[in-house]
Amino acid sequence: MIHLLSDVQSKNIGEDTFVWQFAVILERAVIGKRCNINCNVFIENDVVIGDDVTIKPGVQIWDGVTIGNKVMIGPNVTFTNDKIPISKNKDYKNEKTIINDLVSIGANSTILCGIEIGKKTLIGAGSVLTKSTSPYTVWYGNPAKHVGYITEDSKLLDLNLTDKITNEKYYLEGLKPVKRND
């Protein structure tokens, strides 16, 4: 469904994707299936968005951003694509940003360009992410710091790989937290 009050120029939008009022999607943007593009979202040309992505109101996604599958982007998240923004800069360099599958970015976060956010990373609300992240990590603050891990089933762990609620211990198998059985 594409709302009548949106400006969708792209023909590359997957089935069962909803685009709400006042969204603007430029001609070369590619958006997957079953996405939810909320009101007041702007998506530029050189953008690729996977399947099952939710983009909340007030988000701008600039040229150079690639978003994986099942990503949640909270309200008013801001992406950048130029490390040295200068008006009328003829030497402008569009930096690429990659957001891998299952990432969750909290409301009002800012994502600086030229980084890669690892699979299943959680960025806390209001954070300013200035560097790439490893998969299954949790980041908060300004600038965002690595403060813990997140499991496949979304349990939050501290830096010692302990669930503070259940006190269960985990270990890293590769880059993924796995529950200890001892």
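**Buried spots, lone cysteines and a core**

Visitor: Why is Cys35 called buried?

Guide: This is a predicted model, and in it Cys35 has 1% relative accessibility. Buried means under 20%, so Cys35 counts as buried.

Visitor: And what makes Cys39 partly exposed?

Guide: Cys39 comes out at 23% relative accessibility. Partly exposed runs between 20% and 50%, so that's the label Cys39 gets.

Visitor: How do you know that Cys35 is in no disulfide?

Guide: Look at the sulfurs: the nearest cysteine sulfur to that of Cys35 belongs to Cys39, 16 Å away. A disulfide needs the two sulfur atoms within 2.5 Å, so Cys35 is in none. Cys39 is in no disulfide either, its nearest cysteine sulfur being that of Cys35. The structure holds 0 disulfides.

Visitor: Over to Thr121, in the loop between strands E16 and E17. Why does Thr121 count as buried or exposed?

Guide: Buried, because Thr121 sits at 0% relative accessibility and the cut-off is under 20%.

Visitor: What makes the link from the Thr121 side chain to Gly118 a polar contact?

Guide: The side chain reaches the backbone oxygen of Gly118 at 2.7 Å, and the limit is 3.5 Å. A polar atom of that side chain also lies 3.2 Å from the backbone oxygen of Ser134.

Visitor: Which residues touch the most other members of the largest nonpolar core?

Guide: Ile67 and Phe79 are among them, in a core of 31 residues. Strands E7 and E10 each give two or more residues to this core. Beyond its sequence neighbours, Ile67 is in contact with residues including Val48, Ile61 and Ile99.

Conventions
Residues are numbered from 1 along each chain as its sequence is written. This is a predicted model: local features need pLDDT of at least 70, side-chain atom pairs count only at pLDDT 80 or more; totals for chains, interfaces and linings use all residues. Side-chain values use heavy atoms; hydrogens and water are left out. Helices (H or I, at least four residues) and strands (E, at least two) are DSSP runs, numbered from the N terminus. Buried means under 20% relative accessible area, exposed over 50%, partly exposed in between (1.4 Å probe, protein chains only). A polar contact is a pair of N or O atoms within 3.5 Å; within protein, one must be able to donate a hydrogen and the other to accept it, and residues adjacent in sequence count only if both atoms are side-chain atoms. A nonpolar core is a set of buried Ala, Val, Leu, Ile, Met, Phe, Trp, Tyr and Cys residues joined through side-chain atoms within 4.5 Å. Contact means heavy atoms within 4.5 Å. Lists of a residue's contacts leave out its neighbours within four places in sequence.
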